[in-house]
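User: I'd like a close look at one part of this protein, the helix that gives the most to the lining of the largest pocket. What does that helix touch, and where do its side chains go?

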Amino acid sequence: MSLRDLNWLVSHTEPKASKMIDQLRGHGIAHEELLALMGTIPRHEFVEPAFSHLAYSATPLPIGRNQTISQPLTVARMTEWLLSYSRLGRVLEIGTGSGYQTRILAHFYNKVHTVERQEPLYHQAKRRLSSMGVNNVEYLFGDGQAGWPNQVEMDAVIITAMASKVPLALTHCLKQQGILIMPIDHPNPQIGCWRKEGDRWKCLETESAYFVPLLEGMEYA
Ligand code: SAH
């Protein structure tokens, strides 16, 4: 990193990141380790370069291929739910996108499995996180609605794209007492947190939020 870049980082990133953390606290995010982590992850490196000056603002931003990274509060809320309710063993993320949520999950879970249906985003996130030294993530280019191959059982599943119903294969991936977090557009757009209890689902949390849609199939470069 050049001295100019470093100066930019100190003068722009730190104050904005700390303001972002203050805003998260103001909205009730209380997990100190999560707040500290989000304060140090360079969020401006995960968004399209033209929007990097807005990276710490309370807004979703473009990450390429018509996809968006969620606003910080939504990422923090979903992660805080995961940390409150799930075991921190193995988590499956559907919708790698920029890799920002993956980066956060990798800090807390022993193993992260992440699936992306857009080839360029899959490659970009893999490269980005590897260059940041993140090495407990397995990446898959595919349609995440099919779940993870080899029937590996997960402690938690987080879907970061919105659907009308839960893809069945994803519910099969989850252990009993496992936690599912996903945005759902029925009856209105919201994120929810459910626990698998036998063949029933116990709803633990909901909050209104918008996401890009969960789509079928794969898209190539
Ligand atoms: N967690 C991401 C959010 C990205 S937006 C981040 O932190 O940046 C949602 C992502 O889900 C997009 O990249 C989109 O391509 C992907 N997606 C949508 N449907 C999918 C599917 N069926 N399987 C895998 N990824 C999917």
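Analyst: Here is a walk along that helix, from the pocket to the core and then to the loop that follows.

First, the ground rules. This is a predicted model, so local features need pLDDT of at least 70 and side-chain atom pairs count only at pLDDT 80 or more, while totals for chains, interfaces and linings use all residues. Residues are numbered from 1 along each chain as its sequence is written, and side-chain values use heavy atoms, with hydrogens and water left out.

The helix you're after is α3, residues 72-85. Helices here are DSSP runs of H or I with at least four residues, strands are runs of E with at least two, and both are numbered from the N terminus.

Let's start at the pocket. On a 1 Å grid over the protein atoms alone, a pocket is an open set of points where a 1.4 Å probe fits, with protein on both sides within 12 Å along at least five of seven lines, and a lining residue has an atom within 4 Å of a point. Grid points are joined across faces, edges and corners, and the volume is the space filled by probe spheres set on the points. The largest pocket holds about 600 Å³ of space. It is lined by 41 residues, and T68, S70, T160, F211 and V212 are the closest to its centre. Helix α3 gives the most to that lining, with five residues. Other elements that each supply at least two include β2 (67-69), β3 (90-94), α4 (100-108) and β9 (200-208). By class, the lining has 18 nonpolar, 17 polar and six charged residues; Ala, Val, Leu, Ile, Met, Phe, Trp, Tyr, Cys and Pro count as nonpolar, Asp, Glu, Lys and Arg as charged, and the others, Gly among them, as polar.

Now for charge pairing. A salt bridge is a side-chain nitrogen of Lys or Arg within 4 Å of a carboxyl oxygen of Asp or Glu, and the count comes to eight. One of them joins the side chains of R77 and E207, at 2.6 Å from N to O. R77 sits in helix α3 and E207 in strand β9, so the pair ties together parts that are 130 residues apart in sequence. Buried means under 20% relative accessible area, exposed over 50%, and partly exposed in between, using a 1.4 Å probe and protein chains only. R77 counts as buried at 13%, whereas E207 is partly exposed at 27%.

Next, the core. In soluble globular proteins, nonpolar side chains tend to be buried together. A nonpolar core is a set of buried Ala, Val, Leu, Ile, Met, Phe, Trp, Tyr and Cys residues joined through side-chain atoms within 4.5 Å. The largest one has 48 residues, and L82 is among those with the most contacts inside it, along with L24, M38, Y100, I104, Y109 and I181. Helix α3 gives the most to this core too, with seven residues. For contacts, the rule is heavy atoms within 4.5 Å. Leaving out residues up to four places away in sequence, I181 touches M78, W81 and L82, and its other partners include V157, I158 and C193.

T79 is worth a stop as well. This residue is in helix α3 and counts as buried, at 1% relative accessibility. Beyond four places in sequence, T79 touches L34, Q101 and I104.

Finally, the loop between α3 and β3. R87 lies in that loop and D155 in strand β6 (residues 154-159), so their pairing ties together parts that are 68 residues apart in sequence. The closest N and O atoms of that salt bridge are 3.8 Å apart. R87 is exposed, with a relative accessible area of 58%, while D155 counts as buried at 8%. G89 is in the same loop between α3 and β3, but is buried at 18%. Again setting aside residues up to four places away, G89 touches Y109, N110, K111 and D155. G89 is also 8.7 Å from F108, C-alpha to C-alpha, with their positions 19 residues apart in sequence.

So where does that leave your helix? Helix α3 is the top contributor to the lining of the largest pocket, and R77 in that helix is tied to E207 in β9.
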